[in-house]
Amino acid sequence: MDFELHRAELLAYCYRMLGSFHEAEDVVQETMLRAWRARDRYDPARASQRTWLYRIATNACLTALEGRARRPLPSGLGAPSVDPEAPLTPSLDVPWLEPFPDARNELETRVEMRLALVAAMQVLPARQRAVLLLREVLEFTAAEVAAQLGTTVAAVNSALQRARAALPDVGDVGEVAEPDDPRVRAVVDRYVRAFEAADVPGLVRLLADQAVLEMPPVPLWYRGSGDYGRFMDRVFRTRGTGWHVRRLGANGQPALAAYAPQPGGPHRLHTVQVLTVAGGRVTHNVVFADPRVLAAFDLPAVISADELPRVR
């Protein structure tokens, strides 16, 4: 029994259930341990190994979600801020949604990993979330899902119908181009050049009119290219210019690691930014500053002057 063949797929599933990359890793490890301990009781005549593992993983996820609040993004909690000078006070008591580093994902990029869609799924009750993922993303039959959840086919179909009706409108995520699309790369390249040059007008020209900027664990967020630009002006005014950016991937979207300049010292990792690009414009930027989130990307904490590119 080679459980490891299913680890990558299980990790993606548990992440979408839990909204946390770190929790998903822990639950998958627990799933593997439970499966190993129960291997003598596994009956291949009753279920495939994959179906059996998903039953264990689903139960582990549901247990982890018991009595716990959903993982939101700031835009899911209230109205946008209109004050670009508002205090950036983190809300550390909120279990914020986390990104999924593409470098940790052995699967091909999937639309279902988009950050906005994972955030939207968090509003669903845990069992509805499981039914939606198992039926529509992983394509298990209603009978298989009923067996995994210890319920009936009728209950599975009812939960799926309620999940579809309750899932908030997150737009057509299929319209969001893949990060290796040449048009997306061109937009991201221009964004990086403008960011490193502290060129706020250049950044604003790359934004959609209703672009969203949010920064968990800070609960405030901004909507509109004007407020986005005014906030970026504040960033460069208070944190200085001469930032360095490294390109990444997260949730099947382009992402950036931003290194802030330090007076007389090396550049220090400041944030990971996950971009949504559609229609040739940046429509959404989720900026993560939590050290635990940054650690998941295996990035150097500092970059010395010798490591910076000589030619831009």
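Residues 3-70 are where UniProt, in an unreviewed entry, places the feature "domain: RNA polymerase sigma-70 region". In this predicted model, that span is 68% helix and 0% strand. Its two end C-alpha atoms lie 29 Å apart.

Let us stay with this region and look at how two of its helices meet. Helix H1 covers residues 7-18 and helix H3 covers residues 49-65; they pack with their axes 10 Å apart, at an angle of about 30°. Angles under 35 degrees count as roughly parallel, and H1 and H3 are therefore roughly parallel to each other. Their crossing is right-handed. If you would like to find the contact in the structure, start on the H1 side with Glu9, Leu10, Tyr13, Cys14, Met17 and Leu18. Facing them from H3 are Arg50, Leu53, Tyr54, Ala57, Thr58, Cys61, Leu62, Ala64 and Leu65. Sorted by class, the residues of this contact comprise 12 nonpolar, 1 polar and 2 charged.

H1 also has a second partner, helix H5, which is made of residues 126-137. Here the angle is about 145°, and the axes are again given as 10 Å apart. The crossing of H1 and H5 is right-handed. From H1, the residues taking part are Tyr13, Arg16 and Met17. They meet Ala126, Arg129, Ala130, Leu133, Leu134 and Val137 of H5. This contact has 7 nonpolar and 2 charged residues, with no polar ones. Tyr13 and Met17 are worth picking out on your screen, since they appear in the contact with H3 and in the contact with H5.

Following H5 brings us to the next annotated stretch. For residues 115-167, UniProt lists "domain: RNA polymerase sigma factor 70 region 4 type", from an unreviewed entry. This span is 77% helix and 0% strand, and its end C-alpha atoms lie 14 Å apart. Between H5 and helix H6 (142-149) there is a loop, and Glu139 is found in it. Glu139 has a phi near 60°, a positive value in a residue other than glycine.

Beyond that loop, how do H6 and helix H7 (residues 153-166) cross? Their axes come within 8 Å and cross at roughly 100°. That makes H6 roughly perpendicular to H7. Ala142, Ala143, Val145 and Ala146 in H6 meet Val153, Val156 and Asn157 in H7. By class, 6 of the residues in this contact are nonpolar and 1 is polar, while none is charged.

Now let us move further along the chain. Residues 188-284 carry the UniProt annotation "domain: SnoaL-like", again from an unreviewed entry. In this span we meet strands: its composition is 52% strand and 31% helix. The end C-alpha atoms of residues 188-284 lie 12 Å apart. One local detail to look for here is the cis peptide bond that joins Pro216 and Pro217, with omega about 15°. Pro217 sits in the loop between strand E1 (207-215) and strand E2 (218-223).

Finally, step back and take in the whole protein, which contains 11 helices and 7 strands. The radius of gyration is 21 Å, close to the 20 Å that the globule rule gives for 312 residues, so the protein is as compact as a globular protein of that length. Along its principal axes, the C-alpha trace spans about 65 × 40 × 40 Å.

How values were computed. Residues numbered from 1 in each chain as written. Predicted model: local features only at pLDDT ≥ 70, side-chain atom pairs only at ≥ 80, totals over all residues. Heavy atoms only, no water. Axes fitted to C-alpha atoms, helices over the stretch in contact; angles between N-to-C directions. Helix = DSSP H or I, 4+ residues; strand = E, 2+ residues; numbered from the N terminus. Parallel < 35°, antiparallel > 145°, perpendicular 65-115°, else oblique. Left-handed = near helix turned anticlockwise from the far one by under 90°. Contact = heavy atoms within 4.5 Å. Nonpolar A, V, L, I, M, F, W, Y, C, P; charged D, E, K, R; others polar. UniProt positions renumbered as here; feature names shortened; annotations may be inferred. Rg over C-alpha atoms; globule rule 2.2 N^0.38 Å.
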